[in-house]
Amino acid sequence: MTLLQLTGVRAAYDGVQALHGMDLAVTEGEMVALLGANGAGKTTTLRAVSGTVSVEGAVLLDGQDVTGWAAHRVARLGVGHVPEGRGTFVDLTVEENLTLGALARAKRLRGQVKEDLAAVHELFPILREFSRRQAGALSGGQQQMLAIARAILGRPRLLLVDEPSLGLAPMVTTEILRSLRVLQAEWQLAVLLAEQNARRALAVVDRAYVLESGRVVASGSAAELRENTAVQDAYLGAEQTGRPA
Amino acid sequence: MTELWQQILSGLGTGFIYASLALAICLVFQGTGAVNFAQGVMATASAYLAWSLVSNGMDFWLALVLVLAASFVLGALIERVFIRPVEGSSPLVMLTVTVALLIGLQAVVALIWGDDPQQLGSPFGGGSVEVLGARLTAQQLGAAAVVLVTLLLAGAFFRFTTLGLRMRAAAQNPASARLLSIDVGRMLALGWGLAATVGAVAGVIFAPTLGVSPAMMDSSLLLALAAATLGGFESRVGAVVGGLVLGVAANLASRYIPGIGSDLQLVVPFAVIFLVLLLRPQGLFGRASSVRA
Amino acid sequence: MTAARTPAVVEPPAERDSEPTVSTSHALPPAPRVGLRTAWWTAALAVVLLLAALAPASVISDFQFFQLNRVITFAIAIGGLNLLLGWAGTISAGHGALFGIGAYTTAILVADHGVPWPLAVLASLLVGLLVGALLGLPALRLGGMNLGLITLAIALLLPPLLTRLDWLTGGPFGKTTPRVEAPPGLPFSSPQWLFLVNLVVLAVVFWLLSNMLRGRMGRALDAAASSRVMAAAHAVPTNRITVAVFAISAAVAALAGALFHLTTRTSTPDSFTFLLSISLIAGAVVGGSRSFVGAIIGAAFVVFVPESLGGFVEPAAAGQWQQVVYAAALLLVIYFFPRGLAGLVRQARNRLVRRRSIHARSQEAQS
């Protein structure tokens, strides 16, 4: 069933319109990508869901209208957000960062923090090794893993992930995306992944939306979009050589 | 030698006042980014409250507990009412708000309790104790012990409790904290409440020495600001150490440097800070800001 | 999106018009406006001078002139402080002390050495410049907050020092100088005459400062305040400029202090406490720290608001109620006008100008 539904969502920063009526839906347990160039509105869409930008229109989570809710209240409904720039607490240790993630989960899931932490450590062994280190001392890729691990430990029903590949080596990105897919399947969480690199994203997701100037211009299953050269050329060609944000 | 030891110990004694106020200032600064000039007068209000209770026959320790609870509520309330509207503003705006709080609260204290200085009896009695050859009053020793325990408790709270961890997270990166379902606004209010409580401990426990008057915390506040600068506003441990160092430095200076006296004893702590900051602009315990990117 | 409709979006261009500062776009040549502004100031000044000179004592009493003189001297000091708060992006918690140093310099020179007061005022300015440069040196190493707390030190140390050095300063009783009289032949009382002098100084100082800020210095400061790294990359000598600005700001404060002494005639150590320093900061924020009109508004606020309630409450607690009202007023201004009251004046003027231009345009269209 539908977990997330955006209808006619509009958002602006300082008077500059970033979303012009977004419509999209994510069903429970599926992994969906938002594709598009810089400034297409990927980040803003994620922020519209997590309540970190003010919006008009309707954002429904599991049928509940959360438009205009404060971010921490949206998070309590089971929305995890790995923000642009990762947002790790750089002065806290890796362990503390993960604890904060686990503290964000619903009360009934508190009992299984240990097992979940073990699963996360298995997926990202480096986080166990460096658990006493300050998060700020980790490399970019390690911080990205930390950010995802932290969000996942909150046991969200919907996980928003913003450009995990930004500034990372291709190998690392592939590894991170693959881990994300494993977790997603294992814990049956829905993932909305914003990604500039269409090819890499389409390799792991079920479906994707293609965004341009704050609107959805194409959508379909990953397979369809991989085949569709017209869409590829029109909207997804540029970012292969595109600059990082 | 004994004389020097004596001066160092009594300097440490007053240093604890600065240390706890500095810690309070640090807590507020880390959370809301405001240098709270009203921290001292908030502690003064707590001291007056304690004086009212005790002079109406209440036991000192019971009064202390009640006052601490009241101070916590008052601190959190001040954040909610006065600071919330300017949350996220420039440091200058924040500073002006706390200055307004200082001016207003000081007047309110005087309106409620009057201008006349009051005396609060020491809960430790009038005796004195010998510590490794130096003579300290029971009040000096007891007050220092109480503050020390408070500081340790505060440290443990931040280090070992999940609420403390949440507060640290909210202070450090409010945007990320919200994404982890932390109610940042509530954490900030808690931070102010906690700061007010720590300040209140100092205000009440040192009231017998300082005397209870609207201006009782004025010079302590300034030294606490200096201590926070010395330690680096980002570091709670630094603020405490800074307070103790300044207490000792000021005491030694007024005793041993000819012509300094009690009116100019502030020269020395500021000279110390000046030198430290020239060498380490981020303070003794602060981190260079480039790391925080 | 509702945000698009709020005036915040319309604000920036309007501000560029009216601020006596550099435009945000560094490429714009700001020079042509100088002439117009100068004309404005001169005209306004001439009118005020004329009015003041013509006003008989029954309209504006000597006491009121005395109050106005306090406002003007505070305004000058706040204008100097604005250099730091509004442009250099740093803070001074010691401008009250610099103000005091200026006052004492003039007091001592006039009372003990028989120096004519105009020369003494000039000397105050130079002493301020010197002290400011010495204080500004640590600004080379210390940014914002730390510098503020270092300047706190002089705010705290000046009063006891003034008390202590009684051979120079007269100790706790301070120094008193004779009344400054108008030159023979001019029909002014002493407060009236000082009012004229102060006004002229205010106009000259603000004119010089705003010209300075409109030139290279202002651009460099804006660059430095927004990003030290960027400024350095564009070869802006950030450190030297910070020291220079601190020295100038201090000199202006000392000058204001000297004039303040001429008005009050007696300077004592407790006239220049830490409280004065924070009042000056409050005045700057209330008025708007990037505006010289704001400096005047802020000074008026600081002088008049605490006193305005005097008659309404029982005398015993009057001082405290004044303080409460002052604090409340301060908070209200900050909550509702976070960029200072000068913004209000600016808005009103812009609205007027806009209406006029719309009016003109519609007339054009009709013809």
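**Salt bridges and chain interfaces**

Glu95(A) is partly exposed, with a relative accessible area of 38%. In this predicted model, Glu95(A) forms a salt bridge with Arg132(A), and the closest N and O atoms of the two residues are 3.5 Å apart. The bridge joins distant parts of chain A: Glu95(A) belongs to helix H3 (residues 94–103), whereas Arg132(A) lies in the loop between helix H5 (125–129) and helix H6 (140–153), and 37 residues separate the two in sequence. Arg132(A) is exposed, since its relative accessible area of 67% is over the 50% limit. The pair therefore unites a partly exposed acidic residue with an exposed basic one.

Over all chains, the search of the whole structure returned 16 salt bridges. One of these pairs the side chains of Lys42(A) and Glu163(A), with an N to O distance of 3.5 Å. This bridge, too, links distant parts of chain A. Lys42(A) is located in helix H1 (residues 42–50), and Glu163(A) in the loop between strand S7 (158–162) and helix H7 (170–187), at a separation of 121 residues. Lys42(A) is classed as buried because its relative accessible area is 4%, under the 20% limit. Glu163(A), at 8% relative accessibility, is likewise buried. Both partners of this bridge are thus buried.

Chain A also contains a network of salt bridges that connects Glu28(A), Asp62(A) and Arg157(A). In chain C, a salt bridge is formed between the side chains of Arg179(C) and Glu181(C), at 3.8 Å from N to O. Arg179(C) is partly exposed, with a relative accessible area of 45%, and Glu181(C) is also partly exposed, at 47%.

Chain B comprises 12 helices and 2 strands. Along the sequence these elements follow the order α-α-α-α-β-β-α-α-α-α-α-α-α-α. Of the 293 residues in chain B, 57% are buried. When contacts in chain B between residues at least 6 apart in sequence are considered, 72% of them join residues at least 24 apart. The accessible surface of chain B amounts to about 11100 Å², and carbon and sulfur atoms account for 67% of this area.

The size of an interface is often expressed as the accessible area that is lost when the parts come together. For chain A and chain B, the buried area is about 2000 Å², with 60% of it on carbon and sulfur atoms. The contact involves 24 residues of chain A and 18 residues of chain B. This interface holds 1 salt bridge, in which the side chains of Arg168(B) and Glu96(A) meet at 2.8 Å from N to O. In addition, 5 residue pairs in polar contact were found across the interface of chain A and chain B, with both residues of each pair at pLDDT 80 or more. On the side of chain A that touches chain B, helix H2 (71–76), strand S6 (79–82) and H3 each contribute two or more residues. The most is given by H3(A), which supplies 5 residues. Classification of this side of chain A yields 10 nonpolar, 9 polar and 5 charged residues.

Between chain B and chain C, about 3300 Å² is buried, and carbon and sulfur atoms give 81% of that area. Chain B contributes 42 residues to the contact and chain C contributes 34 residues. Side chains of opposite charge can pair when their charged atoms come close. Nevertheless, 0 salt bridges were found across the interface of chain B and chain C. Polar contacts are present, with a count of 3 residue pairs, both members being at pLDDT 80 or more. On the side of chain B that touches chain C, at least two residues each come from helix H3 (60–83), helix H4 (91–113), helix H10 (218–231) and helix H12 (267–279) of chain B. H4(B) gives the most to this side, with 15 residues. By class, the side of chain B that touches chain C consists of 34 nonpolar, 6 polar and 2 charged residues.

How values were computed
Residues are numbered from 1 along each chain as its sequence is written. Chains are lettered from A and ligands numbered from 1 in the order in which they are written. This is a predicted model: local features need pLDDT of at least 70, side-chain atom pairs count only at pLDDT 80 or more; totals for chains, interfaces and linings use all residues. Side-chain values use heavy atoms; hydrogens and water are left out. A salt bridge is a side-chain nitrogen of Lys or Arg within 4 Å of a carboxyl oxygen of Asp or Glu. Helices (H or I, at least four residues) and strands (E, at least two) are DSSP runs, numbered from the N terminus. Buried means under 20% relative accessible area, exposed over 50%, partly exposed in between (1.4 Å probe, protein chains only). Contact means heavy atoms within 4.5 Å. Accessible areas come from the Shrake-Rupley method with a 1.4 Å probe; for residues, only the protein chains shown count as cover. Buried area is the accessible area (1.4 Å probe) that two parts lose on being put together, summed over both. A polar contact is a pair of N or O atoms within 3.5 Å; within protein, one must be able to donate a hydrogen and the other to accept it, and residues adjacent in sequence count only if both atoms are side-chain atoms. Ala, Val, Leu, Ile, Met, Phe, Trp, Tyr, Cys and Pro count as nonpolar, Asp, Glu, Lys and Arg as charged, and the others, Gly among them, as polar.
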